[in-house]
Amino acid sequence: MMTTPDDYWYEEESQEIGGIKVPSILHDFIENQPPIVDRFYTKLYYVPPNKPDEPQQILFHSNRICLVGLAKEHVAFTKGIRSISFEIGKFDRSENKVSGRKKSGGMILQADSTLALVTCVDDSVYKVRSCVQGKLVEVNERVVDEPDMMRVSGEGYVAIVMPKIEHCDALKERLLDEEAYRKVKEAE
């Protein structure tokens, strides 16, 4: 059920600032506003060679921020996710600490670097790859406590990665856009 401005108790008062009437916030309501992810991020996909059932989604923002996670069609969602771990061999991605505008101290990742391990109910394990060469800004530790959150686009990302400016164009060319990804999935 969609909420409308009438669902809230609000007594509108006319206001003026510097002799100019301030427009009402009630008239700015857009009933079918698309989600933030759809408005501000470009959805890109990576399908590993010989593993079409393990696609990953990268939400790319114009400020170079990439939210890396599993695509909704990933086989792990069908099997059921039991746990997610950021401990990758001798590295614990959750120990990553960055500071400042340039994200100093962030782990340097290659496109094939493993960000997390997803363990399914049947004990199969899948790697979540970076798919992006750049710095690890943060991992989403909320998915450890709530693995089903990974199904929610924009909230269920595994990690945030920031590529170098000079790598952004190559990244967009190497990954599939939504239309190309749909064609790949239909061809299966």
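Strand 10 and strand 11 form a hairpin with 4 residues between them, and within this turn Asp123 carries a positive phi of about 70 degrees; strands here are DSSP runs of E of at least two residues, and helices runs of H or I of at least four residues, numbered from the N terminus. The two strands of the hairpin, strand 10 (residues 114-120) and strand 11 (residues 125-129), run antiparallel and are joined by 5 bridges, where two strands are said to pair if DSSP finds at least two bridges between them. Thr119 has Val125 in strand 11 as its bridge partner, and Thr119 also stands opposite Ser83. Strand 6 (residues 81-85) pairs with strand 10 over 4 bridges, again in the antiparallel sense. Of the 7 residues of strand 10, 6 are buried (under 20% relative accessible area with a 1.4 Å probe, protein chains only; exposed is over 50%, and partly exposed lies in between).

The model is predicted, with local features requiring pLDDT of at least 70 and side-chain atom pairs pLDDT 80 or more, whereas totals for chains, interfaces and linings use all residues. Residues are numbered from 1 along each chain as its sequence is written, and side-chain values use heavy atoms, with hydrogens and water left out.

The chain holds 5 helices and 14 strands. An open sheet of 7 strands, with antiparallel pairing, follows the order 9-12-13-5-4-3-14, and its edge strands, strand 9 and strand 14 (176-177), each pair on one side only. Within this sheet, strand 4 (residues 56-61) and strand 5 (residues 66-70) run antiparallel and are joined by 5 bridges, with Gln56 having Leu70 in strand 5 as its bridge partner.

The largest pocket contains about 290 Å³ of space. A pocket is an open set of points on a 1 Å grid over the protein atoms alone, where a 1.4 Å probe fits and protein lies on both sides within 12 Å along at least five of seven lines, and lining residues have an atom within 4 Å of a point; the volume is the space filled by probe spheres set on the points, which are joined across faces, edges and corners. The lining comprises 13 residues, of which Arg64, Lys102, Lys135, Pro163 and Lys164 are the closest to the pocket centre. Strand 9 (108-109), strand 12 (134-139) and strand 13 (159-163) each supply at least two residues of this lining.

Over the whole chain of 188 residues, 38% count as buried.
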